[in-house]
Amino acid sequence: MHNEKMIIIGAGAAGLMAAICSARAGEQVLLLEQNNKIGKKILVSGNGKCNIGNKHIALHRFHSQNPAFVEEVLKGYDSSVIETFFTSIGLALIEGKEGKMFPMSLQASSVVALLEYEAKRVGVEIVCDCTVTDIDKKEHGFTIETSQGSKACAKLVITTGSPAAPQLGGSNAGYAFATKMGHSLTPRHPSLVQLCSEERWVKGCAGVKVAGLAKLYANGEYITEKKGDLLFTNYGISGLAILDLSREVSTRLANFDYCELSLDLIPELSKEKLTNLLLGRVQENSQKPLTLWLQGLLNKKLISIILKQSKCKVHTEDTLNRKEINRLVHAIKNLKLSISDTKGFKGAEVATGGIDTREVNAQTMESKLVPNLFFAGEILDVDGDRGGFNFHFAWVSGMRVKTQYLNFHT
């Protein structure tokens with residue numbers, strides 16, 4: 001049996017950070033990864049550019065049933081700490097829109113390559129294609145059964161992530177190990193995920209993308225709204241605004257709520273301004289069909305559903321009046337789309353829920369139930385908004401898995 005002082009299971013963002021920081025602090029570290037390469041989720045993040053973090057870290061951008069835990073973990077670890085770390089391993093960062101931070105190379109592969117080099121430089125042993133099948137707590141440590149034999153360690157760090165993106169290695173394995181050792185879980189649901197609809201019209205609009213505003217209603221009650229891209233698909237709807245809403249939608253659907261979106265296709269114009277714009281476009285004695293007249297304003301694939309939902313009773317430009325234009329304006333700014341499901345964990349970037357953080361020390365990430373057992377990253381009941389916040393929590397929680405003061409430049 002191979003004995004190590006510390007074993008880390010999962011070579012994603014949190015696992016790699018925990019390995020580097022622990023090794024820098026003097027630990028003997030073995031990092032196990034089930035995939036054939038490390039950092040697979042990092043490699044595909046940000047469309048291959050890796051949105052590594054965000055300049056504007058704030059508590060409200062993170063979600064948990066225990067917000068006090070998140071606040072304590074993040075305290076003293078703002079974006080400058082992350083930037084200092086990556087500078088120390090040779091990675092320059094640049095700021096994009098909404099405070100998003102990227103590697104200057106705009107290549108996620110640069111992030112993984114430099115993390116791997118630094119891990120090996122400070123003595124971390126990395127073993128890929130190594131699936132952990134069982135964990136047992138012993139009197140003086142842990143015994144770990146893997147596809148590459150049994151291993152033992154004094155300290156164990158579980159950074160196996162969530163079931164999100166199973167095609168990249170996401171699974172429930174870490175949850176099973178945690179619950180076996182007495183930990184509790186909070187409900188897990190897909191987040192930052194596309195939404196599905198059973199309405200037939202949406203397939204006819206597949207491929208249409210608009211900069212809009214999406215409002216979420218559950219059982220007829222207004223919940224929240226997000227502005228950004230709306231992308232209609234053959235299964236429903238995607239786009240940045242939809243990803244931002246999806247956490248709330250997933251939770252509501254899990255409670256069997258009826259979810260409906262109200263889509264404003266022209267949010268930059270108020271109801272009054274849009275009404276005046278349309279009134280000003282009406283030409284007398286024009287026999288132009290409304291389906292063609294509206295093409296000067298909207299994508300033609302959306303026009304038939306706008307006319308249907310508006311219940312507009314005229315068909316040509318010259319028969320339009322204020323009442324009918326009001327109907328059209330209402331439909332354009334309140335296009336209804338019922339939501340039946342999400343694209344599930346396979347389509348999700350992250351998952352809500354996880355290990356109950358009341359059972360974890362926010363300063364060290366150590367279990368309060370099992371000495372020398374640590375957790376970091378998405379396996380915990382913490383998830384962030386789109387824009388680098390999930391990576392930020394992964395990096396910070398990984399940094400906290402260490403036993404002594406750490407100088408980033410060692």
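How many bridges join strand E8 to E9?

## Strand E9 and its partners

In this predicted model, six bridges join strand E8 (residues 132–138) to E9, and the two strands run antiparallel. One pair of bridge partners is Asp136 and Thr143, the latter in E9. The connection between E8 and E9 is a hairpin through two residues.

On its other pairing, E9 meets strand E10 (residues 149–158), also in the antiparallel sense, over five bridges. Here Glu145 stands opposite Ser150 of E10. A hairpin through two residues joins E9 to E10.

## Burial of E9

Strand E9 spans residues 141–146 and is mostly covered, with five of its six residues buried. As background, side chains in a regular strand alternate between the two faces of the sheet.

## Nonpolar cores

In soluble globular proteins, nonpolar side chains tend to be buried together. The largest nonpolar core in this model has 77 residues. The members that touch the most other members are Ile42, Phe86, Leu115, Ile135, Leu156 and Trp395. Helix H1 (residues 13–24) supplies the largest share of this core, nine residues.

A second core, separate from the largest, has 45 residues. Trp201, Val208, Leu278 and Leu307 are among them.

## Contacts of Trp395

Which residues does Trp395 touch, not counting residues up to four places away in sequence? The contacts are Ala13, Met17, Ile42, Ile52, Ile82, Phe86 and Leu115. Of these, Ile42, Phe86 and Leu115 are also listed, with Trp395, among the core residues that touch the most other members.

Methods:
Residues are numbered from 1 along each chain as its sequence is written. This is a predicted model: local features need pLDDT of at least 70, side-chain atom pairs count only at pLDDT 80 or more; totals for chains, interfaces and linings use all residues. Side-chain values use heavy atoms; hydrogens and water are left out. Buried means under 20% relative accessible area, exposed over 50%, partly exposed in between (1.4 Å probe, protein chains only). Helices (H or I, at least four residues) and strands (E, at least two) are DSSP runs, numbered from the N terminus. Two strands pair if DSSP finds at least two bridges between them. A nonpolar core is a set of buried Ala, Val, Leu, Ile, Met, Phe, Trp, Tyr and Cys residues joined through side-chain atoms within 4.5 Å. Contact means heavy atoms within 4.5 Å.
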